[in-house]
Amino acid sequence: MTRKFAGLAIAAMIAGLVLVNVALYDTPVDISPVASGKGHDGGLASAAGALQFPEAGNFSETFERPLFTPMRRKFVAPPAGPPPVAVVAAAVEQTPPPPEAAPAAAPALLGISIHGGAAKALMRVAGSETAIWYGSGETVDGWTVSAIDKDQAVLERNGKVARVPLYPPWKNAPQPPPNAPPAAPDVPLPAPNEPQL
């Protein structure tokens, strides 16, 4: 008898929970924003036990369209302003620069490869999306590659010499603290069996 009674009690509790879930599912969700420090009645909430929200700023879009709610509204773009007015300008004849004139800026150095004594520099010309490997003596954008070291390339053009570093120099290198102790010289550690003095 007690088993039947326990089974009926459990079945009644499950049925009650199902009914509560159905009722909550059909209940609309209040998605209105909650003002900081205000109660539901519009008055100031009491300090004891009240949850204080920081000032929300302008999060009106977030409050209007909460992310995790079944009644989320789609985004509506604000109305566009008047279309821009097209201005027609008279065509001005421009003379192209002479083909022998090269830009003044040196190409960017992206990488260096040294293999078997032969060095190559990966360089990209300003305004280009691609980079090309150049060896010593080759010409890139009017500049002649005169030397390639492990961390820089030396370019020459019209008597001008440009050293292009692979890594840009540190502008704000960290300074050691003023009261830092001097570095200890490298002293070999004694062997484990030797007595220490």
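I started with Val145 and looked for what sits across from it: Leu155 in strand 6. Worth jotting down early: this is a predicted model.

Next I checked the strands behind that pair. Strand 5 covers residues 143-148 and strand 6 covers residues 152-157. The two run antiparallel and are joined over four bridges.

Then I followed Leu155 the other way. Which residue of strand 7 stands opposite Leu155? I found Ala162 there. Strand 6 and strand 7 are antiparallel too, with six bridges between them. They make a hairpin, and I counted two residues between the strands. Asn158 is in that turn, and its phi is positive, about 50 degrees.

Zooming out, I wrote down the order of the whole sheet: 4-5-6-7, four strands, open, with antiparallel pairing. Why do strand 4 and strand 7 each have one side without a neighbour in the sheet? They stand at the edges and each has a single partner strand, so nothing in the sheet flanks that other side. For my notes, strand 4 is 139-140 and strand 7 is 160-165.

On to the other sheet. It's open as well, three strands in the order 1-2-3, paired antiparallel. Here the edges are strand 1 (108-115) and strand 3 (132-135); each has a single partner strand, so one side of each has no neighbour in the sheet. I also looked up the twist: neighbouring strands in this sheet are turned by 30 degrees against each other on average, ignoring direction.

Last entry: strand 1 pairs with strand 2 (residues 118-124) over seven bridges, antiparallel again. I picked out one bridge, where His115 has Ala118 in strand 2 as its partner.

Notes
Residues are numbered from 1 along each chain as its sequence is written. This is a predicted model: local features need pLDDT of at least 70, side-chain atom pairs count only at pLDDT 80 or more; totals for chains, interfaces and linings use all residues. Side-chain values use heavy atoms; hydrogens and water are left out. Two strands pair if DSSP finds at least two bridges between them. Axes are lines fitted to C-alpha atoms, for helices over the stretch in contact, and angles run from 0 to 180 degrees between N-to-C directions.
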